[in-house]
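Colleague: I am new to this protein and would love a close look at one part of it. Could you pick a pair of packed helices and walk me through how they meet?

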Amino acid sequence: DGKARDALAHAIALAPQAWEDHAITLRQFRLLAGAGHADAGWLDAFRPPPVQFYGGLIGIAADDELARQTIARAIGEGAPCLAYGALAAGTDILAAEALLAAGTELHVVLPAGCDVFRARSVIACDPAWGKRFDRCLDAATSLTVLPGSGELTGDAVAMAGEIAMGLAIGKALELETEAIGLRIFAPRNGSSSMAHLWDRWRTAGKAVRAVPLER
């Protein structure tokens, strides 16, 4: 195990963010260990970082420094390699900015086309979020828009959330790692429209990092 561990550590160091390659190698090592009835527990230390789904609040001021720091700290503690979520004004954009600053690969999922979403869920809240939305979208690795989503409705928002969750879980399985959720919520505002999605996430056995914020 010692030589194999050193060789694997060296190979990963040569391409530290080649997550798919790492996962394939780990899968092959586990198959070999299983065939030889050997302990494969040491491979867990080489798993890629978790894949994250994030979702939060719209009603956050663009200059809320406490919210920015709180979200950035939570993302730093989770250290995901990839993340999936939307880019609504407020905590979505704050999370996306923190993820990109940490070197995380960002995958954006929107419930409507960019122009409609930008107008209704970004600029309508505060024009100050507009350029920040644009920068995050430009830096994202991928953009998925809900098919046939001409209008921004509650059902479209919920479906886009389910798609983002599914993509995060599927990617985590592909990478031989775990999917975690970053739920940013207002503790005194009761149940949110996304609460049922988080319930389904937990029912699926996925971890949630809860980040309470006051609006």
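Modeller: Happy to; here is the setting, followed by one helix pair.

This is a predicted model, in which local features need pLDDT of at least 70 and side-chain atom pairs count only at pLDDT 80 or more, while totals for chains, interfaces and linings use all residues. Residues are numbered from 1 along each chain as its sequence is written, and side-chain values use heavy atoms, leaving out hydrogens and water.

The protein has eight helices and six strands, where helices (H or I, at least four residues) and strands (E, at least two) are DSSP runs numbered from the N terminus. Their order along the sequence is α-α-β-α-β-α-β-α-α-β-α-β-α-β.

Now to the pair: helix α4 spans residues 91-101 and helix α6 residues 130-139, and they pack at an angle of about 45 degrees with axes 10 Å apart. Axes are lines fitted to C-alpha atoms over the stretch in contact, with angles from 0 to 180 degrees between N-to-C directions. That angle is why α4 counts as oblique to α6: under 35 degrees is roughly parallel, over 145 roughly antiparallel, 65 to 115 roughly perpendicular, and the rest oblique.

From α4, the contact (heavy atoms within 4.5 Å) uses Ile93, Leu94, Ala96, Glu97 and Leu100; from α6 come Arg132, Phe133, Cys136 and Ala139. By type, these residues are seven nonpolar, no polar and two charged, with Ala, Val, Leu, Ile, Met, Phe, Trp, Tyr, Cys and Pro as nonpolar, Asp, Glu, Lys and Arg as charged, and the others, Gly among them, as polar.
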